[in-house]
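Visitor: I'm new to this one, so please walk me through it slowly. I'd like to know what the words mean when you use them.
Guide: Happy to. Let's put it on the screen and start.

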Amino acid sequence: MNYGTITDLKEKNLLTNDAATVLNENFSGLTHEIIQNQFKNQNIKPKGHRYNDEIKKFALTLNFYSPKAYQFVQPLLCLPAASSLSHWSSSVN
């Protein structure tokens, strides 16, 4: 698990040691990736957002099963735009 973002937030005094410990101990896998994604992209313009493979897989899967649910969740979780998803899925064999 990558703790880089949480460590960075602690160093910048944006996250207390107690909060960092709670995040690291209670969240793992996709939930942890989503939290890190939120922190990483919160002050960046949408065209500058970067997503790791786990977030991309989650976004593609959610959109595949329910585009309407994706449209609801996308702005709340700082997920890629629907046009990015179609671009990514068009390059898959």
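Visitor: Among contacts between residues at least 6 apart in sequence, what percentage join residues at least 24 apart?
Guide: That comes to 44% in this protein. Keep in mind that we're looking at a predicted model.

Visitor: What is the chain built from, helices or strands?
Guide: Six helices and zero strands. Reading from the N terminus, the order is α-α-α-α-α-α.

Visitor: What makes H3 roughly perpendicular to H4?
Guide: Check the angle. The axes of H3 (residues 29–41) and H4 cross at roughly 105 degrees and come within 9 Å. Angles of 65 to 115 degrees count as roughly perpendicular, so H3 earns that description relative to H4.

Visitor: Which residues meet there?
Guide: From H3 you have Leu30, Glu33, Ile34 and Asn37, and from H4 there are Glu54, Ile55 and Phe58. By type, the residues of this contact are four nonpolar, one polar and two charged.

Visitor: And how do H4 and H5 pack?
Guide: H4 (residues 53–65) and H5 (residues 67–77) pack at about 145 degrees, their axes 6 Å apart. Their crossing is right-handed. On the H4 side, the contact is made by Phe58, Ala59, Leu62, Asn63, Phe64 and Tyr65. H5 brings Pro67, Ala69, Tyr70, Val73 and Leu77.

Visitor: How do the residues of that contact divide into nonpolar, polar and charged?
Guide: Ten are nonpolar, one is polar and none is charged. Tyr and Pro count as nonpolar in this scheme, so Tyr65, Tyr70 and Pro67 from this contact go in that group.

Visitor: Why is Cys78 called buried?
Guide: Its relative accessible area is 13%. Buried means under 20%, so Cys78 qualifies. You'll find Cys78 in the loop between H5 and H6 (82–90).

Visitor: What is the phi of Cys78?
Guide: Near 55 degrees, which is a positive value in a residue other than glycine. Most residues other than glycine have a negative phi. Set against that background, the positive phi of Cys78 is worth pointing out.

Visitor: How much of the whole protein is buried?
Guide: Buried residues make up 24% of the 93 residues.

Visitor: And what area does the protein expose?
Guide: About 6,600 Å², with carbon and sulfur atoms supplying 54% of that.

Notes. Residues numbered from 1 in each chain as written. Predicted model: local features only at pLDDT ≥ 70, side-chain atom pairs only at ≥ 80, totals over all residues. Heavy atoms only, no water. Axes fitted to C-alpha atoms, helices over the stretch in contact; angles between N-to-C directions. Helix = DSSP H or I, 4+ residues; strand = E, 2+ residues; numbered from the N terminus. Left-handed = near helix turned anticlockwise from the far one by under 90°. Contact = heavy atoms within 4.5 Å. Parallel < 35°, antiparallel > 145°, perpendicular 65-115°, else oblique. Buried < 20%, exposed > 50% of the residue type's maximum accessible area, 1.4 Å probe, protein only. Areas by Shrake-Rupley, 256 points an atom, 1.4 Å probe, with all protein chains shown as cover.
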